[in-house]
Amino acid sequence: MDPIQMVDLKKQYDFIKDEIKDAMQEVLNSTSFINGPLVHEFQEDLESYLDVKHVIPCANGTDALQIALMGLKLKPGDEVITADFTFASTVEVISLLKLKPVLVDVNPKTFNIDPIAIERAINSKTKAIIPVHLFGQSADMEQILALAKKNNLYVVEDNAQAIGADYIFSDGTKAKTGTLGNISATSFFPSKNLGAYGDGGAIITNDDDLAHIIRGIVNHGMYKRYYHDEVGVNSRLDSLQAAVLKVKLKYLDFYNERRKEAAIFYTTLLRDHPKIITPFRKRNCNSHVFHQYTLRILKSNRDLLVDYLNVHKIPCGIYYPVPLHKQKAYRTSKIDSSSFIVSKQLVNEVISLPMHSELTFNQIEYISKTIIRFFDKS
Ligand SMILES: *Cc1c(COP(=O)(O)O)cnc(C)c1O
């Protein structure tokens, strides 16, 4: 059995080596490293894959979130609601723009932002909601979109972990996550489901006016060369990354399918254990692309399990060990104090297992048996 990796980018690369080399060579031959034709080609490919009108590539996922928010022209002090249990990017960009982050609790099954908590946090200053499709599964977008409509709020999806996932509405219609709200942000960080060989990100929207504004913001606020209509940023996807992403986009559905198969196998082996809660999947499994396979470990010492796995050469991750409302930088954020019951519990219970498109059934079996052996011993 090969050594187990949390993400096995080497093996994934080996399968597509020749295509990647050709694509990169094309960029090297052209020496068009910035704004080269491949950036545009990748953008169009992603637009058709997602069935969306506008993809605006940028430098990384955090920039994508910041630029998406800048495009909405919110005013200092406007409130933006987001999840307490996620990566810090969302609350970081809200704070950087002098907006007010309002953190709310999450659902214990899906780990995603809780629409009931959102509703409780909405007031006259609320201007936007940022749901994060955490670990590869869409947030409850139907309820969130209804709340947004009722209260006249923007919805900015953080789709960094769920690219390729479908959201299925109760009437059966289907759309890709990241195309459901007013605008969305995604990341092409190497370990994401669609990862570059460096940094990358994109802003995605069906709104023509917003797309126009965003195209200026990513490029120093220029709509005409050297005429700066507003304060923008410099955030670009370079041509080498676009070349890699154009190749890998063709395999995204295959990669996500492999992740789902791995998840199903893990769940088969682990679901009956009384101390383990395996990931909850909505009825149509298409809505989960398993960026992470995250267990909850009940009434037990999760940290001892981490040590035990490490001794047995099994990497794992704690996403996330501290809820955002307890982070030093964000402690002063306006918080919904009646809440966080779930996020405070999850930080002590969650453990993410190795998950990638090259994981073998043998490896999954070894990991699962080792976990069960830990409980038998303790
Ligand atoms: C990775 C990630 C980001 C940030 O992406 P970068 O490209 O690293 O800036 C934002 N939000 C979530 C939920 C992420 O997982």
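Visitor: What makes both faces of strand 8 count as covered?

Guide: In this predicted model, I183, A185 and S187 on one side of strand 8 are buried, and so are S184 and T186 on the other. In a regular strand the side chains alternate between the two faces of the sheet. Strand 8 spans residues 183-187, and 5 of its 5 residues are buried. Buried here means under 20% relative accessible area.

Visitor: Which strands pair with strand 8?

Guide: Strand 5, residues 154-158, pairs with strand 8 in the parallel sense over 3 bridges, with D158 opposite A185. Strand 9, residues 201-205, runs antiparallel to strand 8 and is joined to it by 4 bridges; there S184 stands opposite I204. Two strands pair if there are at least two bridges between them, and the counts are 3 for strand 5 and 4 for strand 9.

Visitor: Why is strand 4 called largely enclosed?

Guide: Strand 4 covers residues 126-130, and 4 of these 5 are buried, so the rest of the structure largely encloses it. Strand 2, residues 79-83, runs parallel to strand 4 with 4 bridges, and V80 has A128 as its bridge partner. Strand 5 is also parallel to strand 4, over 2 bridges, and I129 stands opposite V155. From strand 4 the chain passes through helix 6, residues 141-151, to strand 5 in a right-handed β-α-β crossover.

Visitor: Why is I34 called partly exposed?

Guide: Its relative accessibility is 42%. Partly exposed lies between the 20% and 50% limits, so I34 counts as partly exposed. I34 sits in the loop between helix 1 and helix 2, and together with L28 and F33 forms a nonpolar surface patch of about 260 Å² accessible area.

How values were computed:
Residues are numbered from 1 along each chain as its sequence is written. This is a predicted model: local features need pLDDT of at least 70, side-chain atom pairs count only at pLDDT 80 or more; totals for chains, interfaces and linings use all residues. Side-chain values use heavy atoms; hydrogens and water are left out. Buried means under 20% relative accessible area, exposed over 50%, partly exposed in between (1.4 Å probe, protein chains only). Patches are made of residues with over 30% relative accessible area and no salt bridge: like charges are joined within 9 Å, nonpolar side chains (Val, Leu, Ile, Met, Phe, Trp, Tyr) within 5 Å. Accessible areas come from the Shrake-Rupley method with a 1.4 Å probe; for residues, only the protein chains shown count as cover. A salt bridge is a side-chain nitrogen of Lys or Arg within 4 Å of a carboxyl oxygen of Asp or Glu. A crossover is right-handed if, with the strands pointing away from the viewer, the path from the first strand over the helix to the second runs clockwise.
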